[in-house]
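Trainee: I would like to learn how to read pockets, sheets and ring pairs in a model. Could we take them in turn?

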Amino acid sequence: MRDRRLLVLAALAVAIAAFGVYGVMAAPGAVVASPSPRSTPTEEPRPDQKLTLSDPAAVTPPPVTPTPQDGPAQAGARYLTAWQAGDLAAMADLVADPPADFADRHRRFDADLRASLSSLTSGELHRESEAAELSFTGVREVAGLGRWPFTSVLRLVMRADTWKVLWSPETMHPALKDGGRLVLKETEVRRPATLTREGVPFPRDSRAGDYFTGLGDTVLDVKLEEESSGRVLLASPPRPPSGRKTTISQPVQAAAARALDGVGQPAAIVAVDIKTGQVRAVADALDGRGAFNGLYPPGSTFKVVTAAALLRNGMTPESQVACPAGYTIPNGRSFTDSDGVDHGTVSFTTAFALSCNTTFAQQAYERLRDDRLRAEAADRFGFREKPGLSSCRIQVQPYESADQLGSDAIGQNSVQASPLCMAEVAAAVASGVWRPAITTAEPPADSPQPVPLGDEVASGLRTMMGAVVSRGTAAGAGLPPDTAGKTGTAEVEGGEDHAWFIGYRGSLAFAVFVRHGGAGGTIAAPIAARFLNAL
């Protein structure tokens, strides 16, 4: 009995000693070993439960879970969170050895590219011992360009038992690696409110700005690109032209505008489509929309109208007429030719080609009295007050003297016309129908009706205008083949003569006018040649 009691006391002493050792090991700051794989966790003893030496709960301590240290994923996530919040100070605290200008670099990057960070999303983590890489994607908003997605990598290292971001410029964007730069380039792009019939902008320096609005309107084309390679990372979306289309043809307008380059006097070129009357070009270096509205004596270009009246009143291109150096209307004024040569008797076509003032004054006096010239000009060629784009006129009242009739017959006295009006005259010859010029798809409701010239009259005029270019006053101007036209030199009181050339070729009729330019054959016709040869 005594031996049994000693055995129990010995067992109790061993148990007390074991519990004391456990208490020391579990004290704060002590290293706790992980439970053995063979250990079997037990439930906490209830307050009313009696412990016995044989109860495992009496000798097995509860498991202890230590607080884990942050890994690279958590450190990277904290950096991205601070970045998205714009907390540059917190970002710098999470960087191993941040550069002194860390915050300034971020600010300059955003300011230079006009960018603001929209979102950041972490991706896969790759770890090797005490280094790791965390991929991430982001979206920036760039002013003028919109969303700019990008992908980069956070490199992380262990420093003093703490994971830190190993920062470099390419952390902000991969293109910044090895000193690379991103640049925002802005280019002014033409975005006119008015377009040519092809849907493209008018040519630069078109000389048509007084007739069409918004030709110089522009927008900014923005590109974000790598400076070294020129690779474009982001660009403004393509913006198709959205302006209002006109009847102007871009190549015709360009040819007209460039033909006036270098002309020393105010000048204009107008071109119209022969079949429709639509204006294809207006290059105007005159004042106050002079190409459409200006009124100038047309000089010998008006002989087209006078010739039409003579053909309608009995003459033909082959009719024989006198072309003297001078002619005096009975009891009236005298007319002379610019070359001062007596050409004798020639065909009406030759007299037209040589631009004989004497022939036209004499024939008008003999055949076009009783208001026939005025009627031809007003009723069939638009020389009257009328709605429309062009301006031209001839006296409405009956002639007070034959001198006035003779002077009108050669485009002086009361006859006045704009370049557009004379382009209409040339187009009427080419098509056989006079029609008003328009800058719309269809003629306006109040537009004058087309007027046929008559087949014989139109055919005769074509023959005569062809002779002007082939063997007449425009023969040496360099005009391309198949051009027909008429030169004009209009006298101006107190000033230099006006230079004119009107004509047609292909689908276009045109008028060239140089105010106080001089002789039509030597000044205006070569300008017309430059225009036509550029088409």
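Mentor: We start with the pocket and the elements around it. Helices and strands here are DSSP runs, numbered from the N terminus, with at least four residues for a helix and at least two for a strand. The model itself is predicted.

Trainee: Which element gives the largest share of the lining of the second largest pocket?

Mentor: The general idea comes before the case. Rolling a probe the size of a water molecule over the atoms shows where empty space is left. In this structure, β20 provides the largest share of that lining, with four residues.

Trainee: What is the volume of the second largest pocket, and which residues are the closest to its centre?

Mentor: Its volume is about 550 Å³. The lining has 27 residues, and the closest to the centre are Ser300, Ser338, Asn357, Thr489 and Glu491. Two or more lining residues come from each of β14 (334–336), β20 (484–492) and α14 (520–533).

Trainee: How do the lining residues divide into nonpolar, polar and charged?

Mentor: There are 16 polar residues in the lining, with six charged and five nonpolar.

Trainee: Next, the sheet that holds β20. In what order do its strands stand?

Mentor: Read a sheet by strand order, then edges, then individual pairings. Here five strands make an open sheet, ordered β11-β10-β22-β21-β20, with antiparallel pairing. β11 (279–284) and β20 are the edge strands, each pairing on one side only. On average, neighbouring strands are turned by 10° against each other, direction ignored.

Trainee: How many bridges pair β20 with β21, and which residue in β21 stands opposite Thr489?

Mentor: Eight bridges pair β20 with β21 (residues 495–505), in the antiparallel sense. Thr489 faces Ala499 in β21, and Thr489 is also among the residues closest to the pocket centre. Another bridge joins Ala484 to Tyr504 in β21.

Trainee: What lies between β20 and β21?

Mentor: The two strands form a hairpin with two residues between them, and Gly494 in the turn has a positive phi of about 80°. A hairpin also joins β21 to β22, again with two residues between the strands; there Gly506 in the turn has a positive phi of about 60°.

Trainee: Where does Tyr504 pair in β22?

Mentor: Its bridge partner in β22 is Ala509. β21 and β22 run antiparallel and are joined by seven bridges. Towards the other edge, five bridges join β10 (residues 267–273) to β11, also antiparallel. One of the pairings there is Ala271 with Ala281 in β11.

Trainee: Which helix lies across β10, β11 and β22?

Mentor: That is α5 (residues 250–259), which runs at about 25° to β11.

Trainee: Now the sheet of β1, β2, β3 and β4. Why is one side of β1 and of β4 left without a neighbour?

Mentor: The sheet is open and antiparallel, in the order β1-β2-β3-β4. β1 (115–128) and β4 (162–165) are at its edges with a single partner strand each, so one side of each has no neighbour in the sheet. The average turn between neighbouring strands is 25°, direction ignored. Twelve bridges join β2 to β3 (residues 146–159), which run antiparallel, and Thr137 has Thr151 in β3 as its bridge partner. Helix α2 lies across β1, β2, β3 and β4, at about 175° to β1.

Trainee: Last, the rings. How is the pair of Trp83 and Phe136 arranged?

Mentor: A pair of aromatic rings is described by the distance of the centres and the angle of the planes. The structure holds 15 aromatic pairs. Trp83 and Phe136 are edge-to-face, 5.7 Å centre to centre, with 70° between the planes. This pair links distant parts of the chain, 53 residues apart: Trp83 belongs to α2 (residues 72–85) and Phe136 to β2 (residues 131–142).

Key
Residues are numbered from 1 along each chain as its sequence is written. This is a predicted model: local features need pLDDT of at least 70, side-chain atom pairs count only at pLDDT 80 or more; totals for chains, interfaces and linings use all residues. Side-chain values use heavy atoms; hydrogens and water are left out. On a 1 Å grid over the protein atoms alone, a cavity is a set of points where a 1.4 Å probe fits but cannot get out, and a pocket is an open set with protein on both sides within 12 Å along at least five of seven lines; lining residues have an atom within 4 Å of a point. Grid points are joined across faces, edges and corners, and a volume is the space filled by probe spheres set on the points. Ala, Val, Leu, Ile, Met, Phe, Trp, Tyr, Cys and Pro count as nonpolar, Asp, Glu, Lys and Arg as charged, and the others, Gly among them, as polar. Two strands pair if DSSP finds at least two bridges between them. Axes are lines fitted to C-alpha atoms, for helices over the stretch in contact, and angles run from 0 to 180 degrees between N-to-C directions. Contact means heavy atoms within 4.5 Å. Rings of Phe, Tyr and Trp (its six-membered ring) pair if their centres lie within 6.5 Å; planes under 30 degrees apart count as stacked, over 60 as edge-to-face and the rest as tilted.
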